[in-house]
Amino acid sequence: MNVKKSVILAFLVAVGILLQLLESFVGIFMIVPGYKIGLANIAGLFALYIYDEYDEKSLAYVSLLRIFLSSLMQGTLFSVSFYLSLSGGILACIAMIIAYRSKVFSIYGVSILGACFHNIGQVIAITWIYQQYFMQLFLPILLALSIVSGILIAVVCKKVLSRIHGGFYGKI
């Protein structure tokens with residue numbers, strides 16, 4: 001990895017941390033407790049689409065490092081919320097990389113799949129941690145909300161990508 005790419009990925013991690021911290025200050029009162037839009041995922045999706053198809057590891061670097069560092073900054077490292085975020089982040093990264101490699105999905109489909117699998121990972125983790133299987137009843141609502149979140153994240157990311165490249169998703 002060259003210096004330019006390392007600096008860009010570090011900036012994307014910083015942007016993701018900033019978006020996650022800002023979103024933690026804004027409470028969204030929904031039917032599902034603890035639901036957030038996931039604005040920090042813009043940085044990860046951007047990292048996936050900014051580099052060529054043979055380097056999807058950029059998504060994992062940005063997403064997972066953001067989760068660790070923002071949990072460290074918020075004082076929640078190795079807490080339940082950290083494990084929920086980490087399990088959702090890992091599943092979302094795997095799903096987004098597979099969807100991106102398949103060349104079947106657009107940026108919207110990749111983002112929606114990432115949001116859906118993030119929620120699936122969180123529900124699996126909360127069920128495993130607390131051994132409360134009724135938490136799985138929230139999954140249909142979470143999946144419906146993740147479609148909206150995924151579309152919103154993709155719209156913002158696509159707009160930023162088109163501004164940077166004039167409509168072309170080339171390499172930086």
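The legends below accompany several close-up views of a predicted model.

**Figure 1. The chain as a whole is built from helices, with 6 helices and 0 strands.**
Followed along the sequence, the elements of this predicted model run in the pattern α-α-α-α-α-α. Of the 172 residues in the chain, 42% are buried, and the area that the chain exposes comes to about 9,500 Å², of which carbon and sulfur atoms supply 73%. Among the contacts in the chain with a separation of 6 or more, 69% are accounted for by residues 24 or more positions apart.

**Figure 2. The largest nonpolar core holds 27 residues.**
Within this core, the residues that touch the most other members are Leu12, Leu45, Leu48, Tyr49, Val62, Val110 and Leu161. Two or more residues are given to the core by each of α1 (3-25), α2 (41-50), α3, α4, α5 and α6, and the largest share, 8 residues, comes from α2. As background to this view, nonpolar side chains in soluble globular proteins tend to be buried together.

**Figure 3. Valine 110 and its contacts are shown together with a second core.**
When neighbours within four places in sequence are left aside, valine 110 is in contact with Leu45, Leu48, Tyr49, Met96, Ala99, Tyr100 and Phe105. A second core, separate from the largest one, has 5 residues, and Val32, Tyr35, Val123 and Leu142 are included in it.

**Figure 4. Helix α5 is followed directly by a residue with a positive phi, glutamine 131.**
The helix α5 has 24 residues and reaches 35 Å from its first C-alpha to its last, which is close to the 34 Å expected at 1.5 Å a residue. Just after α5, glutamine 131 takes a positive phi of about 55 degrees, although glutamine 131 is not a glycine. This residue is found in the loop between α5 (107-130) and α6 (139-165). Is glutamine 131 buried or partly exposed? With a relative accessible area of 43%, glutamine 131 is partly exposed, because this value falls between the limits of 20% for buried and 50% for exposed.

**Figure 5. Phenylalanine 78 lies in the loop between α3 (57-74) and α4 (80-102).**
Phenylalanine 78 has a positive phi of about 65 degrees, although it is not a glycine. With a relative accessible area of 54%, phenylalanine 78 is exposed, since residues over 50% count as exposed. Phenylalanine 68 stands 10 residues away from phenylalanine 78 along the chain, and the C-alpha atoms of the two are separated by 9.1 Å.

**Figure 6. A nonpolar surface patch of about 930 Å² includes residues Phe68 and Phe78.**
The patch is made by Leu65, Phe68, Leu69, Leu72, Phe78, Tyr83, Trp128, Ile129 and Tyr130. Helices α3 and α5 each supply at least two of its residues, and the largest share, 4 residues, comes from α3. An α-helix has 3.6 residues a turn, so residues three or four places apart point the same way.

**Figure 7. Phenylalanine 68 and leucine 69 both lie in helix α3.**
Phenylalanine 68 counts as partly exposed at 34% relative accessibility, and leucine 69 likewise counts as partly exposed, at 33%. Which residues does phenylalanine 68 contact, leaving aside its neighbours within four places in sequence? On that basis, phenylalanine 68 is in contact with Leu77, Phe82 and Leu86, while Phe68 and Leu69 are also among the residues that make the nonpolar surface patch.

Conventions:
Residues numbered from 1 in each chain as written. Predicted model: local features only at pLDDT ≥ 70, side-chain atom pairs only at ≥ 80, totals over all residues. Heavy atoms only, no water. Buried < 20%, exposed > 50% of the residue type's maximum accessible area, 1.4 Å probe, protein only. Core = buried A, V, L, I, M, F, W, Y, C linked by side-chain atoms within 4.5 Å. Contact = heavy atoms within 4.5 Å. Expected span 1.5 Å × (residues − 1). Patch = residues over 30% accessible without salt bridge, like charges linked within 9 Å, V, L, I, M, F, W, Y side chains within 5 Å. Areas by Shrake-Rupley, 256 points an atom, 1.4 Å probe, with all protein chains shown as cover. Salt bridge = Lys/Arg side-chain N within 4 Å of Asp/Glu carboxyl O.
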